[in-house]
Amino acid sequence: MVKHLRPAVMLFIILSVLTGVVYPALVTGLAQLLFPGQANGSLMSAENGKVKGSSLIGQPFSSPDHFWGRPSATGPFPYNAGASSGSNLGPTNPALADAVKARLEALKAADPGNETPVPVDLVTVSGSGLDPHISPAAAAYQVPRIAKARKMSADKLSALVAAHTEGRQWGLFGEPRVNVLALNLALDALR
């Protein structure tokens with residue numbers, strides 16, 4: 001029995017060191033060397049250097065002078081990365097229809113003069129509930145409200161949205177999108 005126990009314990013120790021120390025240290029070191037921004041969470045900072053969030057996780061913006069992201073189903077707190085999930089409400093679920101209706105009413109109340117059709121991504125949650133992007137149409141829909149709240153030109157805001165619109169990944173995948181945090185940081189930098 002001792003004859004079999006000693007090799008098993010030695011193998012356990014060797015594999016624990018290899019897979020628990022050496023491999024993670026190697027991967028972390030390579031990530032820090034090759035992709036430092038991504039390895040550290042893709043953090044975004046304001047002009048003063050204070051970290052405001054990650055470009056990969058949506059942030060809750062609710063003031064009328066900022067662009068709003070997609071609604072999040074990660075309640076009770078918006079954009080709770082520890083509770084990443086969709087709402088799991090199917091298209092025939094009355095709760096989904098009620099939630100969309102309430103979001104539509106909130107958007108119309110925030111900008112009563114806006115007669116433009118509301119883009120779907122402003123009233124529905126994403127699959128993860130943490131999506132940091134909105135469509136260019138969703139950003140354009142919000143321009144009149146923000147221009148009024150900030151007392152600035154809608155054309156200047158539209159140009160800012162256009163400058164922060166990302167194209168399809170590698171020109172093929174996905175749809176054009178706007179990172180809400182990056183856009184709001186640029187908007188705040190205009191002050």
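P7 lies in helix α1, where helices are DSSP runs of H or I of at least four residues, strands are runs of E of at least two, and both are numbered from the N terminus. With a relative accessible area of 47%, P7 is partly exposed; on the scale used here, buried means under 20% relative accessible area, exposed over 50% and partly exposed in between, with a 1.4 Å probe and protein chains only. The C-alpha atom of P7 is separated by 59 Å from that of T165, a residue 158 places away along the chain.

The model is a predicted one, in which local features need pLDDT of at least 70 and side-chain atom pairs count only at pLDDT 80 or more, while totals for chains, interfaces and linings use all residues. Residues are numbered from 1 along each chain as its sequence is written, and side-chain values use heavy atoms, with hydrogens and water left out.

Helix α1 runs over residues 2-34, and its 33 residues should span 48 Å at 1.5 Å a residue, which agrees with the 46 Å between its end C-alpha atoms; the expected span is 1.5 Å times one less than the number of residues. The helix nevertheless has a kink of about 30°, centred on L18, the bend at a residue being the angle between axes fitted to the seven residues ending there and the seven starting there. L18 is itself partly exposed, at a relative accessible area of 42%, and touches Y23 and P24 when residues up to four places away in sequence are not counted; contact here means heavy atoms within 4.5 Å.

The domain assignment divides the protein into domain 1 (1-40) and domain 2 (43-190), with bounds that come from an automatic or database assignment. Taken over C-alpha atoms, the centres of domain 1 and domain 2 are separated by 41 Å.

Further along the chain, E105 is found in helix α3 and is partly exposed, with a relative accessible area of 48%. E105 and V123 are 18 residues apart in sequence, and their C-alpha atoms are 9.9 Å apart in space.

In the loop between α3 (94-110) and β3 (133-134) is N114, which counts as buried at 6% relative accessibility. The side chain of N114 makes a polar contact with the side chain of T116 at 2.9 Å, and it also reaches the backbone oxygen of Y141 at 2.8 Å. A polar contact is a pair of N or O atoms within 3.5 Å; within protein, one must be able to donate a hydrogen and the other to accept it, and residues adjacent in sequence count only if both atoms are side-chain atoms. Leaving aside residues up to four places away in sequence, N114 touches K108, Y141 and P144.

Helix α4 contributes another buried polar residue, Q142, whose relative accessible area is 1%. Its side chain reaches the backbone nitrogen of W68 at 2.6 Å, and the residues that Q142 touches, again not counting those up to four places away in sequence, are H66, F67, W68, L122 and I134.

Between α4 and α5 the chain passes through a loop that holds K151, a residue other than glycine with a positive phi near 55°. Most residues other than glycine have a negative phi. K151 is exposed, at a relative accessible area of 75%. W170, in the loop between β4 and β5, likewise has a positive phi near 55° and counts as exposed at 69% relative accessibility.

At the start of α5, a side-chain oxygen of S153 reaches to within 3.1 Å of the backbone nitrogen of D155. Which residues of helix α5 (residues 154-163) are buried? They are L157, L160 and V161, and they cover an arc of only 100° around the axis, which puts them on the same side of α5; the arc is that of the directions from the helix axis to the C-beta atoms. On the other side of α5, D155, A162 and A163 are exposed. The buried residues of α5 pack against α4 (136-150), β4 (165-166), β5 (177-179) and α6 (180-189).
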